[in-house]
Amino acid sequence: MMHLIALPVLLPLVTGLLLLLLAGRKNFGLNRAISLVGAGLLVLVAALLFYTASSGVIQVYAMGDWAPPFGIVLVLDRLSALMVLVTSVLAFFSIWYAAGTMDHPAYNLNGLMHLLLLGINGAFLTGDLFNLFVCFEVLLLASYALLIQGDGPDRAKAALHYVVLNLAGSSLFLIAVATLYGITGTLNMADMAAKVAQLPEDRAPIVGTAALLFLVVFGLKAAVVPLYFWLPRAYSAASAPVAAMFAIMTKIGVYAIARMYTLIFGDQAGHLANLVQPWLWPLALTTLTLGFIGVLASRTLRMQVSYLVIISVGTLLAGLAIDTQASLSATFYYLAHSTWVCGALYLIVDLIRHQREDGSDEIKSGPALPQATTLGLLFFAGGLSVAGMPPLSGFIGKLLLLKAAGTGYEAIWLWSLVLLSGLAAITALSRSGSTFFWRTSGVATTGKAQAWPLAATIGLLATTLALALWGEPMIAYTDALAEQLLNPERYIQSVLRHTTVGG
Amino acid sequence: MELLISIMLAVMTACGIYLMLRGRTFPVIVGLTLFTYAVNLFIFVMGRLTAGAPPIIGSGESYADPLPQALVLTAIVISFAMTAFVLVLALRARAELGNDHVDGAPVNEREDSRV
Amino acid sequence: MTLLLIVLLPLFGSLVPLATERYGRNICAWSASIAPLISLGLLISLVPGVMAGETLRYHREWLPSLGLDLSLRLDGLGLMFALLITGIGLLVLLYARYYLSSKDSLGRLYALLQIFMLAMLGIVLSDNILLMLVFWELTSLSSFLLIGYWSHQSDARKGARMALAVTGAGGLCLLAGALLLGHIVGSFNLGDILAAGDQIRAHSLYPITLILVLLGAFTKSAQFPFHFWLPHAMSAPTPVSAYLHSATMVKAGVFLLARLYPALAGTELWFFLVSFTGLATMVYGAYTALFKHDLKGLLAYSTISHLGLITLLFGFNTQLAAAAAVFHIINHATFKASLFMAAGIIDHETGTRDMLKLHGLWKYMPHTALLAMVASAAMAGVPLLNGFLSKEMFFAESLQLEYLGSLSWIMPVLATLGALFSVAYSWRFIHDVFFNGEPVDLPKYPPHEPPRFMKVPVEMLVVLCLVVGIFPNYTVEPFMHAAASAVLGREMPEYHLALWHGFNLPLLMSGIALAGGLLLYSQRKGLFAFYERKYRSDEKLVFEARVQRSVRLAQWVTDRLENGSLQRYMALFVGSALVAGAIGIWPLQEWTGSQALTPVDPVSLIAAGLLIVGSFGTVLIHHNRFAALLLLSVVGLVVSLTFIRFSAPDLALTQISVEVVTIVLLMLALYFLPQLTPNESGRKRVARDVVLSGAAGTGVGLLCWTVLTRPFSSISDYFLENSVSGGGGSNVVNVILVDFRGFDTLGEITVLALAAVGIYAMLHGLKLPLPYVDSDGRRWAREPHPPILSVMTRVLLPLAIMVSLYIFLRGHNMPGGGFIAGLVTSVALILQYISTGTDWMQQRLRWNYRKVAASGVMIATLTGLASWLFGYPFLTSTFTYLHWPVVGKFEVASAMAFDVGVYITVVGATMLILAHLGRLAQSTHEPPATNEKGEKI
């Protein structure tokens with residue numbers, strides 16, 4: 001089935017448009033049904049692609065049947081397959097959660113969610129640099145529209161900051177991509193990799209400049225210091241399913257960094273070989289540090305989760321910076337883990353919040369929640385996982401990364417920071433946890449959570465257990481992924497040698 | 001000509017970014033628009049400067065590079081959508097926050113010049 | 001398999017009580033103890049084998065690539081501990097049944113206790129240090145929940161968090177240590193590690209590894225200076241204290257010392273770190289215990305001191321000392337657990353644990369008193385009791401030391417001192433509580449014996465103390481032998497436990513300790529007063545203060561950084577871009593490349609001048625927003641002229657039409673916003689921004705220059721060649737848009753549709769204050785729209801539609817296309833709207849524009865999907881030629897349908913934005929809003 005690769009893009013597109021067309025008060029139930037089914041199908045497709053990609057074959061899909069590098073291609077390798085899978089699983093549970101809770105007809109939450117997926121999956125699959133920009137814009141505008149759902153000054157302000165900064169980011173993206181085109185004369189990543197490899201001395205620095213500008217663009221997406229300040233407020237302002245879905249957004253930046261600086265500016269890039277990795281290291285460590293400081297500082301649960309997201313970003317970048325097969329493998333195992341668990345945490349916090357009488361998630365004592373035990377257990381499990389406590393996936397991810405760091409000078413930094421951030425997470429989460437579930441007086445009059453959102457939350461949280469139990473096959477996959485990532489020749493060849501249907 | 005274009009770009013970018021750094025939504029949006037013009041022009045000239053040879057087959061023997069033009073078209077549309085969106089967002093923020101400062105803070109609290 | 005069963009049974013057991021709780025406490029208790037009973041039974045069945053010196057193993061792969069496997073082992077050491085854990089665990093379950101008041105959930109306590117039991121068994125049985133670590137952290141977590149069992153008490157919460165923080169931190173250190181061990185040995189398998197002792201000790205990483213592992217052990221075993229969490233863990237229910245904080249969990253640390261003894265011990269570093277920590281802990285703990293008025297507080301500190309003793313013994317680096325350590329672990333577990341239970345009984349029956357109130361209980365509860373007295377005698381190391389034997393060995397070993405050279409006498413002296421204190425506090429426990437006058441206003445009076453079965457566990461343990469103390473060789477000797485040989489990794493040296501070794505130095509030391517202890521206690525009055533004067537510090541408060549301070553610091557830092565100022569973030573963004581660019585361009589030798597330059601003509605010069613003036617003007621007068629807008633449009637105009645100048649007619653058309661719409665939008669928006677921008681940026685900020693933006697401009701200019709002056713070849717020739725033949729259109733740009741790169745365009749119109757949806761959502765129910773007057777105080781004209789204009793535009797509309805249709809059709813070959821056509825249509829409609837107002841429009845265009853936009857994208861998508869029917873990829877196009885009047889020969893490409901989609905989307909999106917902004921104006925028109933805030937409808 002040759003079109004399978006295109007489905008992660010087309011399925012959400014069609015579903016999303018369908019939902020927009022059917023929008024309106026009367027067919028509300030239908031809307032949710034379609035949305036959920038669409039998301040479910042997407043998970044199936046992603047699983048299928050994951051399976052096919054695990055064989056190591058790199059598949060290419062030429063849009064409009066124009067041979068690369070002239071047309072736009074979608075490329076499926078182990079990395080993109082993993083990212084698509086992570087995204088669609090997260091999306092499925094978020095949408096499921098949303099189906100059980102709020103969705104104002106005027107907002108088209110479901111439609112926007114699917115168009116967001118179109119952008120995200122497109123970004124993971126596309127093999128064309130300008131098309132990457134377009135996908136970024138799609139997912140950004142979708143995320144803007146999702147972010148401003150509902151009202152309230154915090155939300156408006158957070159949205160404004162998020163939007164304006166990202167508009168600036170997009171412009172920088174265009175400058176960078178245009179510069180690359182102006183020198184290499186191509187937009188196809190594989191082709192560009194080939195061209196960059198034999199750049200003459202007098203042009204390499206210009207391309208290098210573009211490469212570093214890209215680091216800024218992706219850094220803004222990934223929320224790297226000093227460009228992460230917009231994130232905590234924005235994510236905390238978003239409605240729960242949206243915030244959960246946003247858990248993947250930072251990882252898009254991480255993905256883009258991983259892709260661009262291994263494929264185009266990797267070992268084989270001549271004068272520009274590995275030009276950003278040295279800069280990644282300090283950035284990663286600083287992000288990590290500020291992340292766990294933020295976790296300690298957080299005054300609301302959602303802020304706390306948001307800073308946990310930033311910690312995960314720092315950790316991931318550290319893995320990319322070390323840039324060995326082991327470290328990359330660890331990075332992508334950890335990526336799957338942190339995306340899902342942080343997403344789940346946003347949902348859990350939302351459930352907690354709604355059982356508070358004032359509906360706020362401020363970390364202060366209040367009446368006991370009607371479902372204290374259930375939510376307490378969920379929060380406990382999520383906290384353990386994200387803090388890297390055994391036996392859940394966070395522990396395994398951190399272990400992999402620490403092992404990958406070796407015992408050199410790099411290890412000293414990474415170990416101390418990763419372990420410290422773990423400790424900070426434990427301390428902070430035990431504080432907020434005991435405040436919410438132990439330091440209580442009386443029982444809140446709020447109702448219990450509905451079955452659906454609860455089930456969705458548990459489902460998403462269960463992934464951390466799955467990642468732990470079936471860790472071995474997963475690690476095997478990420479190992480192979482890293483190996484593929486570090487040897488881009490096969491990627492380049494399979495794209496440039498791709499033959500169209502029309503021949 | 002190349003020099004002239006570079007200077008034009010430099011000026012537009014500088015002015016655009018300066019406005020983007022202002023504290024009120026409207027100048028920021030104006031700045032964004034200006035910067036967008038600059039970026040579009042930048043993309044366009046990356047295909048180098050070719051006079052009197054529009055990429056329409058049959059209109060001549062040599063043609064200007066069509067690809068950047070297509071890219072700019074896409075970029076223009078997208079930035080149009082973005083501008084419209086951020087504009088309405090600014091109105092929304094004005095309604096929610098009660099004033100048009102990007103941080104929604106009352107003016108008197110914003111007198112400081114934190115750098 | 002049996003091993004796995006032994007470990008996992010408690011997990012099953014933890015679920016049972018939760019289920020059976022509702023059937024009454026007895027059933028709950030019995031059902032809960034089934035699983036541990038089976039575990040214990042299985043263990044006992046394995047005893048003979050282990051005694052015979054064999055080591056049972058279970059192995060199952062979990063994460064081999066990580067070196068983390070599910071592998072268990074049962075040797076002497078593991079067996080001894082496993083027996084302790086399950087045995088005492090059962091007694092605690094029985095005890096808790098009677099201890100817990102009816103309002104507390106028995107099921108929950110049982111569940112947690114058994115989860116903890118599982119974790120402990122895991123630690124002592126795992127054959128892989130990473131696996132051990134997993135269980136290690138699990139004990140910290142379950143103890144966190146157990147200490148916090150009475151979560152309504154602030155002490156319980158704080159104590160729980162403190163314990164978690166300290167032991168958790170230790171666990172992380174241990175994790176690092178374990179990783180290093182694995183790195184040195186090349187395997188995380190315990191067997192390999194124990195075998196590689198010499199290799200480890202010789203390795204350059206040995207010191208750091210040792211320190212990390214020890215940190216793990218010391219925090220867990222509450223060694224000085226990490227001891228402070230243990231006393232505060234005493235706010236847990238007494239069964240928990242008896243189980244976790246005397247018998248098992250705190251022993252995990254010393255177990256680790258024992259387990260890794262062959263791998264790590266035997267060096268000077270080991271001796272100094274371990275023995276001195278142990279020594280300090282022993283003396284300090286014993287000393288402090290004497291002054292605690294809370295029963296459990298006393299027991300807690302005595303526990304600390306005994307753990308110190310055990311650690312010290314391991315530190316001695318001699319085989320017999322290690323054996324003695326193992327022996328004392330058993331003994332301490334028995335007598336301390338029974339003491340805790342006794343304390344619990346007293347608390348339970350009198351309602352207090354305060355030794356200033358508890359006196360003369362002998363006549364109220366003689367039986368309990370007897371038990372407690374025997375147990376504390378064992379604690380004091382009185383002959384005929386197990387405590388005596390291990391203490392004798394300890395004294396004997398303390399005399400054998402050679403590390404300290406001339407200072408060797410210190411060790412025995414301090415050892416005796418510690419023993420002396422322990423005698424004193426043990427005696428205090430007995431004398432204060434059971435004699436020493438009458439009880440002082442007890443909450444429950446008169447106290448009486450507890451229920452029969454509550455005493456059973458205590459009795460069993462006390463009997464154990466006696467039996468072991470009198471017939472060591474027939475009871476504990478074989479276990480100890482097996483355990484010790486497992487610790488040493490070789491056969492244990494010849495030694496036989498006996499009550500009587502004749503008159504020798506150790507005996508003398510015991511004597512001194514006993515006598516001195518009694519003497520010290522007799523002087524207590526003065527001592528207590530002295531202690532009260534001296535130390536009055538509560539570690540809990542200190543810890544809380546520390547946490548609070550770090551939180552405040554963190555908040556200070558965070559608030560400085562993430563201060564919610566967009567201007568700051570934007571500046572940071574621009575700054576980072578500049579830095580990145582500078583780093584990138586640094587290696588460039590020549591700004592100017594080899595490419596020949598194109599000549600400048602006066603017209604372009606003038607245009608450029610206009611643009612520059614326009615840009616600067618926009619900045620200079622940006623405080624007057626309207627004027628700024630006009631200048632902005634001038635800039636846009638020049639840009640589109642530049643497009644024409646360099647042969648891009650499509651761009652010029654698009655740029656102009658987009659600009660018209662944009663400007664109209666901005667004006668509409670301006671209608672709701674203040675007309676003037678206040679001048680609020682301070683000089684410093686302006687200076688900063690000028691520098692930043694100036695640098696950025698220069699950067700972009702230079703980048704452009706460097707690129708433009710370098711030769712260029714691109715993939716575009718392909719498009720020029722295949723545009724007609726492959727795409728069926730001679731306007732290459734348009735063919736690229738709808739065909740070569742149709743996917744981009746699809747994304748682009750999706751963005752448009754999204755913008756429409758988002759904007760609709762934002763405007764939904766939005767109400768804005770409407771300005772009465774403009775910046776110059778003129779009232780806004782309210783009267784309806786000028787008639788001539790409206791008439792004209794009504795005539796104009798169909799014409800405009802025609803034009804856009806034409807533009808659309810020729811688009812594939814001449815400049816034009818769906819997007820421009822769409823914009824032209826919308827511009828016409830806008831004119832309509834400006835001249836006649838929304839009502840007129842709404843009457844005629846009753847569409848849901850969101851759906852119009854969406855359907856446009858849908859059409860485009862379906863066109864793309866159609867190619868699947870012919871077995872081609874998404875968006876593959878085909879075309880044929882037609883002849884039409886007026887337009888002439890033009891080709892119908894499937895791409896045209898795609899372009900129709902584009903057209904519809906553009907119209908839909910643009911109209912939605914404008915119409916809704918317009919309706920906003922209407923809805924907010926009357927009555928004029930007076931307050932500054934816009935509120936929802």
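# Salt bridges and the interface of chains A and C

Me: Between chain A and chain C the count is four salt bridges; which part of chain A gives the most residues to the side that touches chain C?
Reply: In this predicted model, that part is helix H6 (residues 153-184) of chain A, which gives 13 residues. The residues on this side of chain A divide into 79 nonpolar, 22 polar and 15 charged.

Me: Why is the pair of A:Arg233 and C:Glu562 called a salt bridge?
Reply: The closest N and O atoms of A:Arg233 and C:Glu562 are 2.3 Å apart, and the cut-off for a side-chain nitrogen of Arg and a carboxyl oxygen of Glu is within 4 Å, so the pair qualifies. A:Arg233 lies in helix H9 (residues 230-237) of chain A, whereas C:Glu562 lies in the loop between helix H25 (539-561) and helix H26 (566-585) of chain C, so the pair joins two chains.

Me: What makes each partner of this pair, A:Arg233 and C:Glu562, buried or partly exposed?
Reply: A:Arg233 has a relative accessible area of 31%, and since buried requires under 20% and exposed over 50%, a value in between is called partly exposed. C:Glu562, by contrast, is at 5% relative accessibility, which is under 20%, and therefore counts as buried.

Me: How do you know that A:Arg299 and C:Asp559 form a salt bridge?
Reply: The N to O distance between the side chains of A:Arg299 and C:Asp559 is 3.1 Å, and the rule asks for a distance within 4 Å, so the condition is met. The pair crosses between chains, from A:Arg299 in the loop between helix H12 (277-297) and helix H13 (301-322) of chain A to C:Asp559 in helix H25 of chain C. Both partners are classed as partly exposed, A:Arg299 with a relative accessible area of 43% and C:Asp559 at 31%, because each value falls between the 20% and 50% limits.

Me: What makes the pair of C:Asp75 and C:Arg259 a salt bridge, and where in the chain do its partners lie?
Reply: The closest N and O atoms of C:Asp75 and C:Arg259 are 2.4 Å apart, which satisfies the limit of within 4 Å, so the name applies. The pair links distant parts of the chain, with C:Asp75 in the loop between strand S2 (68-74) and helix H3 (76-99) of chain C and C:Arg259 in helix H12 (residues 249-259) of chain C, 184 residues apart. C:Asp75, at 5% relative accessibility, and C:Arg259, at 2%, are both under 20% and are therefore called buried. Salt bridges that share partners also join C:Arg57, C:Arg73, C:Asp75, C:Asp127 and C:Arg259 into one network.

Me: Why are strand S1 (residues 56-63) of chain C and S2(C) called paired strands?
Reply: The two strands are joined in the antiparallel sense over six bridges, and pairing requires at least two, so the term is justified. Among the bridge partners, C:Tyr58 is matched with C:Leu72, and C:Arg57 with C:Arg73. The hairpin of S1(C) and S2(C) has four residues between the strands, and C:Gly67 takes a positive phi near 80° in it. S2(C) is mostly covered, with six of its seven residues buried.

Me: How do you know that C:Glu544 is in polar contact with C:Arg161?
Reply: A distance of 3.1 Å joins the side chains of C:Glu544 and C:Arg161, and the limit for a polar contact is within 3.5 Å, so the pair meets the distance condition. C:Glu544, which is placed in helix H25 of chain C, is at 10% relative accessibility and counts as buried, because the limit for that class is under 20%. Leaving aside neighbours within four places in sequence, C:Glu544 is in contact with C:Lys158 and C:Arg161.

Me: How many residues of chain A and chain C are in contact, and which three residues of chain A supply more buried area than any other three?
Reply: The contact involves 116 residues of chain A and 109 residues of chain C. The two chains bury about 10,000 Å² between them, 77% of it on carbon and sulfur atoms. A:Trp66, A:Phe70 and A:Trp438 supply 9% of the area that chain A buries against chain C, more than any other three residues.

Notes: Residues are numbered from 1 along each chain as its sequence is written. Chains are lettered from A and ligands numbered from 1 in the order in which they are written. This is a predicted model: local features need pLDDT of at least 70, side-chain atom pairs count only at pLDDT 80 or more; totals for chains, interfaces and linings use all residues. Side-chain values use heavy atoms; hydrogens and water are left out. Buried means under 20% relative accessible area, exposed over 50%, partly exposed in between (1.4 Å probe, protein chains only). Contact means heavy atoms within 4.5 Å. Buried area is the accessible area (1.4 Å probe) that two parts lose on being put together, summed over both. Ala, Val, Leu, Ile, Met, Phe, Trp, Tyr, Cys and Pro count as nonpolar, Asp, Glu, Lys and Arg as charged, and the others, Gly among them, as polar. A polar contact is a pair of N or O atoms within 3.5 Å; within protein, one must be able to donate a hydrogen and the other to accept it, and residues adjacent in sequence count only if both atoms are side-chain atoms.
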